[in-house]
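Biologist: I should like a close look at a single part of this structure, explained for a first-year student. Please describe how one pair of helices is packed.

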Amino acid sequence: MSLLLRPRAALGGAVLAGAVLVAVATALAVGTVPMSPLRSLPALAGAGDPADILVVQRLRGPRLVAGLLVGAALGASGCLMQTLARNRLATPGTVGIDDGATAFAVASVVGASTSLAPSAMALAGAATAAALALGLAGGAGTSGYRFVVVGLGVGAVLGAVTSLLLVRAPIDAANAAFPWTVGTLNTRPAAAVTLLGYGLAGCLPLALLIGRRLSVLRLSDSVAAGLGVRVRAVRLAALAVAVVCAGLAVAVGGPLGMVALLAPEAARRVCGPYGVPVLGSALAGAALVLLADTAGRTLAAPVEVPAGLVTAVIGGPYLLWLLLTSRPRRLP
Amino acid sequence: MTPPATPPSAQAADPSAVLRADGVTLAHGQAIAVDTIRLAPPPGRLTAVVGPNGCGKSTLLAGLSRLHRPAGGTVLLDGRDLARLPAREAARRIGLLPQSAQAPDGLTVADLVRFGRQPHQGLLRQWSPQDQQAVDRALTATGMTALAGRLLETLSGGQRQRAWIALTVAQETAVLLLDEPTSALDLGHQLEVFELLRELAAAGRTVVVVVHDLMLACRYADHLVAMKAGRMVAEGAPREVVTPELIRRLYGVEAGVLRDPDTDRPLVVPRGLAP
């Protein structure tokens, strides 16, 4: 869609990109060693005080990259799922993907007999949950609603598995598994981050490619088909992208609460109702996760609050505020 | 907004496309909904499909629009098998307004109508002045220009229905298929929609509309198709095919069929259920 026709969407994208930049600057600046952008940005490029370079490149940089990628993946995934289900409550969290990742990762930590690392297990869990929900719902099919409802059920079962594992595990093991139940960027296995980077690089262009057809799909399947959209193919592609993004993201950071729900909500607010703001949601998600993680590691220092708790704590009231201040409306 | 030079509705890309159903059978799983129907809605005319609930009217429309793949027979568009036509190309020739279409909140009338240009756009073919002109023409033809900036959810039922029709008109197809476009409207709005459809047909389009109201069908249709249990039981000009026997056969209702002295069209007067 041309910039002339959609100035609001373009402006919204710029605003969200600005928010990401602010989040990046903040994340680099604050911490045990406070650092102004005048010091941190050159350090990022490898210039200045060696101590600054160490802090920025070894400590804050990788964490920042992980936060950006996880947030972008969750935001895009949430946006696609909400569009597919025509329901703003449909996110990787509600369709069981988060629960699957948590259950498998916790199982790996508390010592169920597996040789896989927790992050690999989280990815396997996300894939299992998505496959279960898809299989039980009868394929990507025509009804996103069915997928959501089945996903809720799958998520509940896997959530119960997590609880059972934690209750039966020795207290130390349960403690070690805790981060996987709330979502944090503290662990962030490097291999998982790399994989997420490749995944996003492949998935986001695909999502943008089908973006306009997705926005037609919001009207209803038969209208979209009448407008020449190959509904099944578009649905399948969008669902695949959503599941891959969510799965790779939870493999890095665990289930970061509310991000996939909030980011598209914010993006829609800023970009207007006409299109499906996949890119906007990715930007909003990146900014949100990065800010949440920065707040979590600095506000209560030296104790670190997991980013997933921060997103949940700021996310709940924010969502309520969004819903209460927007016009009374039906769920799409 | 400049008024179009030519009459707004005379702009169909190829106004003389011929749509023909050749022994088409449509099935929902094992259940046959439409049984070997032959139908060629005349171009430039308004064709109305009538029949009792569940007789397969809507399924027939879905079959004619490539939404429902025939289990037997073929739908031909200018002699080419519709099922083999690429989806986007078919959508440039055939427009469909399904029943109970829903739009997400926050869209304006103009936003909705713009979606009608989807089949004319592609990766390399982005929004163009031609698209904008088509949208303007569609808004003019449906009398929605003044409401173009209004949010859909703030419109009355009749206005919203006109906005949806405008979307289909903006598609600029030679064939227009509409599934009960007047079902939730009051009498004035029903007539408004049918007057509009008649204009669209007069511009050379093939217009097929599924309608429940026999009175409206008799009043406006050039060509009437009556269906019962998936089969076509009558076809032709309303004044030739609408008879007390047809009404009894379709609906199980005893009715008198009078002539409207002004239009010489049939007037159906129900008297009671057939014994």
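**A pair of packed helices in chain A**

Modeller: In this predicted model, helix α12(A) passes helix α13(A) in a right-handed crossing. Two packed helices are described by the angle between their axes and the distance between the axes. For this pair, α12 covers residues 259-271 of chain A and α13 covers residues 278-298 of chain A; the angle is about 125° and the axes are 8 Å apart. An angle from 115 to 145 degrees is neither roughly perpendicular nor roughly antiparallel, and α12(A) and α13(A) are therefore oblique to each other.

The next point is which residues form the contact. On the side of α12(A), the residues are Val259(A), Leu262(A), Ala263(A), Pro264(A), Ala266(A), Ala267(A), Val270(A) and Cys271(A). From α13(A), the residues that meet them are Gly280(A), Ser281(A), Ala284(A), Gly285(A), Leu288(A) and Val289(A). By class, the contact of α12(A) with α13(A) has 11 nonpolar residues, three polar residues and no charged ones. Glycine is counted here as polar, so Gly280(A) and Gly285(A), which belong to the contact, fall in the polar class.

A second contact involving chain A may be set beside this one. Where chain A touches chain B, the contact takes 20 residues from chain A and 22 residues from chain B. Helix α10 of chain A (residues 221-226) supplies the largest share of the chain A side, with four residues. That side of chain A has 11 nonpolar, five polar and four charged residues, whereas the contact of α12(A) with α13(A) has no charged residues.

Notes
Residues are numbered from 1 along each chain as its sequence is written. Chains are lettered from A and ligands numbered from 1 in the order in which they are written. This is a predicted model: local features need pLDDT of at least 70, side-chain atom pairs count only at pLDDT 80 or more; totals for chains, interfaces and linings use all residues. Axes are lines fitted to C-alpha atoms, for helices over the stretch in contact, and angles run from 0 to 180 degrees between N-to-C directions. Helices (H or I, at least four residues) and strands (E, at least two) are DSSP runs, numbered from the N terminus. Angles under 35 degrees count as roughly parallel, over 145 as roughly antiparallel, 65 to 115 as roughly perpendicular and the rest as oblique. A crossing is left-handed if the near helix is turned anticlockwise from the far one by less than a right angle, and right-handed if clockwise. Two residues are in contact if their C-beta atoms, placed from the backbone, lie within 7 Å.
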